[in-house]
Amino acid sequence: MKTLEVQSLNKFFGRKQALFDVSFDIEPGTILGLIGPNGAGKSTIMKSIVGLTDYNSGNIKIDGKELTKNKRSSLENVGSMIESPAPYLNLTGRQNLKLFNDGSTTAEEMQEIMEETQITEFADRKAKKYSLGMKQRLGIAISLLNHPKLLILDEPMNGLDPQSTHDLRDLLVKLSKRGISILISSHLLDELSRIADYYVVINHGKVIKKSDAKSFLSEGPKTIKFEVKDTDAAKSALEAAGFTATIYDKTVEIEDNNDSTAMNAGLSALNQAGIEIINVSRNQTDLEESLLKLLSSDNNKEAK
Ligand SMILES: Nc1ncnc2c1ncn2[C@@H]1O[C@H](COP(=O)(O)OP(=O)(O)OP(=O)(O)O)[C@@H](O)[C@H]1O
């Protein structure tokens with residue numbers, strides 16, 4: 001059974017439609033990255049799933065149960081941290097956890113959650129004294145209470161330093177291996193691409209792409225990077241050979257194709273022009289580039 005099914009979700013704010021027939025689902029134990037530009041509708045989708053906002057039409061099922069029909073029992077399976085963590089500031093981390101425990105998390109499990117999210121050390125300090133990163137970790141700890149099958153995390157890496165980001169990434173992968181499904185949004189695409197199994201891309205309230213992580217990246221543009229001493233001369237030589245070449249730092253990039261012809265033609269153009277080549281690499285594009293390309297083609301389609 002799917003942990004989450006979102007079917008044809010439509011949502012209006014007044015007369016403005018924020019979501020258009022949004023549909024996607026999540027299999028148990030997988031991490032789905034919800035990506036898209038600011039204002040695309042990611043938070044609205046997440047808030048709809050956890051019952052923080054109503055939607056106008058569509059259907060949400062959590063672990064097979066329809067949200068509108070069984071709100072309480074559906075949400076028992078969900079842990080979430082949306083927009084910003086919201087602990088009670090006058091309580092300590094530990095008191096917050098006790099407060100959000102519905103009674104099903106044992107003291108031992110609570111201790112384990114505190115250790116996994118690395119909040120033990122400041123668990124007895126009031127949350128108002130916490131840095132953003134500490135609040136973020138407490139928010140994640142709260143979301144892990146009560147044995148969720150689904151975690152909904154909106155920008156959970158915000159405010160975390162690189163080490164904590166790394167630790168959170170490891171924790172999320174560990175949780176997914178335990179069978180927990182995770183819906184996560186993040187503008188830190190590089191971080192997201194290290195953990196996501198699937199992506200759903202939202203633009204202007206519509207799903208414009210659903211893909212597993214591997215094929216999403218392999219469909220993106222590929223490049224060949226020539227690291228050279230004289231980038232301007234290399235650019236001219238490649239352009240004379242018919243390539244579109246772009247300079248980045250000490251490298252000149254051209255678009256790759258699926259065989260070796262672009263690589264060979266590029267190399268021979270540079271050799272013929274007597275340009276010293278320091279290094280050559282073929283690159284798969286990263287998530288950010290793939291996303292930008294996808295959004296730009298979707299925006300062009302809309303403009304037409
Ligand atoms: N309470 C609200 N009242 C009116 N419009 C809203 C409200 N909340 C969101 N919107 C609008 O709905 C659209 C989707 O917003 P949403 O916050 O879901 O986007 P997002 O993808 O989460 O963006 P961000 O990454 O900036 O958080 C935007 O156009 C936003 O202005």
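Which domains does the domain assignment of the chain give?

**View 1. The chain and its two assigned domains.** This is a predicted model. The assignment gives domain 1, covering 4–217, and domain 2, covering 222–284. Measure from one C-alpha centre to the other and you get 43 Å between domain 1 and domain 2.

**View 2. An open sheet built from four strands.** Read across the sheet and the order is S2-S1-S4-S5, with antiparallel pairing. Strand S2 (16–26) and strand S5 (65–66) sit at the edges, each with pairing on one side only. Helix H1, residues 42–49, packs on this sheet and touches S1, S2 and S4. The direction of H1 makes about 115° with that of S1.

**View 3. Zooming in on S1 and S4.** Strand S1 (residues 4–13) and strand S4 (residues 57–62) run antiparallel and are joined by five bridges. For a spot to look at, try Gln7, which has Asn59 of S4 standing opposite.

**View 4. Gly58 and its surroundings.** Gly58 belongs to strand S4. Setting aside neighbours within four places in sequence, the contacts of Gly58 are Gln7, Ser8, Leu9 and Asn10. Is Gly58 buried, exposed or partly exposed? Gly58 counts as partly exposed because it has 17 C-beta neighbours inside 10 Å, while a buried residue would need 20 or more and an exposed one 12 or fewer.

**View 5. From Gly58 out to Asn90.** Along the sequence, Gly58 and Asn90 are 32 residues apart. In space, their C-alpha atoms are 39 Å apart.

Key:
Residues are numbered from 1 along each chain as its sequence is written. This is a predicted model: local features need pLDDT of at least 70, side-chain atom pairs count only at pLDDT 80 or more; totals for chains, interfaces and linings use all residues. Two strands pair if DSSP finds at least two bridges between them. Helices (H or I, at least four residues) and strands (E, at least two) are DSSP runs, numbered from the N terminus. Two residues are in contact if their C-beta atoms, placed from the backbone, lie within 7 Å. Axes are lines fitted to C-alpha atoms, for helices over the stretch in contact, and angles run from 0 to 180 degrees between N-to-C directions. Domain bounds come from an automatic or database domain assignment.
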